[in-house]
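The following exercises concern the model displayed below. Each task is followed by a solution in steps.

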Amino acid sequence: MASIFPTIFILVIVVGLMACAALFVPKGPNQTVIRTGVMLTLASCYLMWMITYLAQLHPLISPHRAAKLES
């Protein structure tokens with residue numbers, strides 16, 4: 001049975017990558033733009049993955065067995 005631990009584990013990884021993006025972006029006139037773009041991309045990808053994962057864990061509509069067709 002699936003659990004919530006993968007979402008927390010991936011969240012820790014994404015926060016670590018965001019910290020690396022904030023600390024290691026090279027200095028320059030576009031530093032803020034690059035840093036913001038990388039961090040927004042990581043946050044968006046994580047949210048998309050998390051919503052998809054959790055929607056598969058707890059679907060809103062339960063699957064129904066199709067009725068057999070007699071020929």
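**Exercise 1.** State which exposed residues lie on the face of helix α1 turned away from its buried side.

*Solution.* That face carries Phe-5, Phe-9, Val-12, Leu-23 and Phe-24. Exposed denotes over 50% relative accessible area, buried under 20%, and partly exposed the range in between, with a 1.4 Å probe and protein chains only. Helices are DSSP runs of H or I with at least four residues, strands are runs of E with at least two, and both are numbered from the N terminus.

The model is predicted: local features require pLDDT of at least 70, side-chain atom pairs count only at pLDDT 80 or more, and totals for chains, interfaces and linings use all residues. Residues are numbered from 1 along each chain as its sequence is written, and side-chain values use heavy atoms, leaving out hydrogens and water.

**Exercise 2.** Compare the end-to-end distance of α1 with its expected span, and determine how its buried residues are arranged about the axis.

*Solution.*
1. The expected span is 1.5 Å times one less than the number of residues. For the 20 residues of α1 (residues 5–24) this gives 28 Å, and the end C-alpha atoms are 28 Å apart, in agreement.
2. The buried residues of α1 are Thr-7, Val-14, Met-18 and Ala-21.
3. Viewed down the axis, these buried residues fall within an arc of 55°, so they line one face of α1. The arc is taken over the directions from the helix axis to the C-beta atoms.
4. What covers them includes α2, where contact means heavy atoms within 4.5 Å.

**Exercise 3.** Is Gln-31 buried or exposed, and which residues does it touch beyond four places in sequence?

*Solution.*
1. Gln-31 belongs to helix α2.
2. With a relative accessible area of 15%, Gln-31 is buried.
3. Leaving aside residues up to four places away in sequence, Gln-31 touches Val-25 and Pro-26.

**Exercise 4.** Find how many aromatic pairs the whole structure holds, and classify the pairs that involve Trp-49.

*Solution.*
1. Rings of Phe, Tyr and Trp (its six-membered ring) pair if their centres lie within 6.5 Å; planes under 30 degrees apart are stacked, over 60 edge-to-face, and the rest tilted.
2. The search returns two pairs. In one, the ring centres of Tyr-46 and Trp-49 are 6.2 Å apart and the planes meet at 35°, so this pair is tilted.
3. Both residues lie in α2 (residues 31–57), three residues apart, about one turn of the helix.
4. Tyr-46 is buried at 10% relative accessible area, whereas Trp-49 is partly exposed at 32%.
5. The rings of Trp-49 and Tyr-53 have centres 5.3 Å apart and planes at 15°, so this pair is stacked. Four residues separate Trp-49 and Tyr-53 in α2, about one helical turn.
6. Tyr-46, Trp-49 and Tyr-53 form one aromatic cluster.

**Exercise 5.** How many disulfides does the structure hold, and what is the distance from the sulfur of Cys-20 to the closest cysteine sulfur?

*Solution.*
1. A disulfide requires two cysteine sulfur atoms within 2.5 Å.
2. The closest cysteine sulfur to that of Cys-20 is in Cys-45, at 16 Å, too far for a bond.
3. The structure therefore holds zero disulfides, given the 2.5 Å criterion.
4. Cys-20 itself is partly exposed, at 40% relative accessibility.
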